Amino acid sequence: MPVYHKLGRLPAKRHVAFRQADGSLYYEQLMGNLGFTGLQSLLYTVRRPTTVKSVTVAWTTPREAESERPLRMRHLRAHRLEPAGGSPVRDRELLLFNQDVSLSLTRPTATDPFFYRNARADEIVYIARGGGTLESQFGSLPYREGDYLVVPRGIIHRLAPAAGEQIHLVIESRGHVRTPRRYRNEHGQLLEHSPYCERDLRLPSELTVHDETGDFEIITRVGDTCHRVVMDHHPLDTVGWDGYYYPWAFNIHDFEPIVGRLHQPPPVHQTFEADGFVVCSFVPRLYDFHPEAVPAPYNHSNVMTDEVLYYCKDEFMSRKGVEFGSITLHPDGLPHGPQPGRTEASIGVERTDELAVMVDTFAPLQVARGALACEDPGYGESWLEDA
Ligand SMILES: [Fe+2]
């Protein structure tokens, strides 16, 4: 995030001797993206970040798409999929993917015994149910229902879920996840017309130094392959850090909706941008207030875009038949709009309580083979009057 932050103890200058109580040096590490030109942070650790004892392949999960690629409206009842297990890293149920982004569902039941690092992708973890603490090299960050947890690539971390049901939508992004460009000034600060600002963001707040030796595993994802990296010490031994590169949280309920007298287009819901896709938040809001306004969206041909909606409640203004956990995919090539009766029903309604996360991709998405088990096969005909 383009917000400077620091935690713990730091030397007065960067790249100077910073000594531990016994006179030995702390170890300085720069972590940042875009080859020293992007956002970066400097971390100071008790032990070297380079003491790797071994690296082996832990598992490989090739992304398998359905054998045919039909052109039709899709509806996945994702929460009905039987979870493979309770690990937020290992047990990701892949739903949709292309070369830029993938969407998976997890249902964590416990803290993994290992740590995790995604080497090639930024991750947005949307907390549809539950809460807990994100533990990382940058300190701990409590999370709760409705949070988007943004974890830039390379950061060693793990999720420690609290008691109770946990459901996460995991968005892996080839490009860097960032705030929408049009809401930022040249310095990176969010402007007055942005639907959220820096005050709404939550950053790591507490740094615990784990000064421990022994074998510690870091599952490191490189594309489809997860490697087991064994280090000789606890990887969360940061005594201090500062900079602009760290995990952060933003709650969907802190997104202040932009409304108008007449229907506002989907970009007003945009929350993040990345390379090849955007993420939008549909939150409870007042409807359009022109006396003859039609609050439901007009039909649209979203050419050059595949549109995904993840429904975080059972209701949604323009859809029928969806449930909490539904995912609809409206692919490029077919116009879409409200189902019969939804447009008429929206007229005169003053507000909506809908809650949904939208992912619009510029390249076509594929449906993962494993997701077909939860598909609603009749969704494509649900716009017919007698469906
Ligand atoms: Fe749409």
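Which residue in β26 does Tyr311 stand opposite? Have a look at the structure while I talk. The answer is Ala356. Before I go on, please keep in mind that this is a predicted model.

Okay, let's stay with that spot for a moment. Tyr311 faces Ala356 in β26, and the two strands here are β23, residues 306-311, and β26, residues 356-361. They pair in the antiparallel sense, over 6 bridges. Now zoom out a little. These strands belong to an open sheet of 6 strands, and if you read across it you get β5-β24-β23-β26-β21-β20, with antiparallel pairing. So where are the edges? At the edges sit β5 (74-77) and β20 (270-273), each pairing on one side only. Neighbouring strands in this sheet are turned by 20° against each other on average, if you ignore direction.

Next, a loop. Gly333 is found between β24 (326-330) and α1 (342-346). Is Gly333 buried or exposed? Gly333 counts as exposed, because there are 12 other C-beta atoms within 10 Å, and 12 or fewer is what earns that label. Also, find Ser301 for me: 32 residues separate Gly333 and Ser301 along the chain, and their C-alpha atoms are separated by 7.4 Å.

Right, the overall layout. The domain assignment splits the chain into domain 1 (5-62 + 81-251) and domain 2 (258-379). Notice that domain 1 is written as two stretches. The C-alpha centres of the two domains lie 30 Å apart.

How many residues of domain 1 are in contact with domain 2? There are 26, and they meet 27 residues of domain 2. On the domain 1 side, the elements giving two or more residues are β6 (93-97), β7 (101-106), β9 (122-129) and β14 (167-173). The largest share comes from β6, with 5 residues. And what kind of residues make up that side of domain 1? They divide into 15 nonpolar, 6 polar and 5 charged.

Let's pick one of those strands, β9. It's mostly covered, with 7 of its 8 residues buried. It pairs with β14 in the antiparallel sense over 7 bridges, and there Ile124 has Ile171 as its bridge partner in β14. But β9 also pairs with β12, residues 147-151: 4 bridges join them, and they run antiparallel. In that pairing, Val125 has Leu149 in β12 as its bridge partner.

Hold on to Ile124 and Leu149, please, as they come back now. The largest nonpolar core has 77 residues, and Leu95, Ile124 and Leu149 touch the most other members. Which domains feed this core? Both domain 1 (5-62 + 81-251) and domain 2 (258-379) do, with at least three residues from each. If you click on Leu149 and leave aside its neighbours within four places in sequence, you'll find contacts with Ile124, Val125, Ile127, Leu134, Tyr143, Pro247 and Ala249.

While we're on covered strands, here's β8, residues 115-118. Both of its faces are covered: Phe115 and Arg117 on one side, Tyr116 and Asn118 on the other, and all of them are buried. Unlike the pairings so far, this one is parallel: β8 pairs with β16, residues 213-222, over 4 bridges. In that pairing, Asn118 stands opposite Arg221.

One more sheet and then I'm done. This open sheet has 4 strands in the order β1-β18-β3-β2, again with antiparallel pairing. Its edge strands are β1 (5-8) and β2 (27-32), each pairing on one side only. On average, neighbouring strands here are turned by 15° against each other, direction ignored. Inside the sheet, 5 bridges join β3 (residues 40-45) to β18 (residues 238-243), and Leu43 stands opposite Trp241 in β18.

Last residue: Lys6, in strand β1. Why is Lys6 called partly exposed? Because it has 14 C-beta neighbours inside 10 Å, and partly exposed lies between the exposed limit of 12 or fewer and the buried limit of 20 or more. Leaving aside neighbours within four places in sequence, Lys6 is in contact with Trp241 and Asp242, and we just met that Trp241 opposite Leu43. And for a sense of scale, the C-alpha atoms of Lys6 and Ala345 are separated by 51 Å, with the two positions 339 residues apart along the chain.

That's my tour, thanks for listening!

How values were computed: Residues are numbered from 1 along each chain as its sequence is written. This is a predicted model: local features need pLDDT of at least 70, side-chain atom pairs count only at pLDDT 80 or more; totals for chains, interfaces and linings use all residues. Domain bounds come from an automatic or database domain assignment. Two residues are in contact if their C-beta atoms, placed from the backbone, lie within 7 Å. Ala, Val, Leu, Ile, Met, Phe, Trp, Tyr, Cys and Pro count as nonpolar, Asp, Glu, Lys and Arg as charged, and the others, Gly among them, as polar. Two strands pair if DSSP finds at least two bridges between them. Axes are lines fitted to C-alpha atoms, for helices over the stretch in contact, and angles run from 0 to 180 degrees between N-to-C directions. A nonpolar core is a set of buried Ala, Val, Leu, Ile, Met, Phe, Trp, Tyr and Cys residues joined through C-beta atoms within 7 Å.
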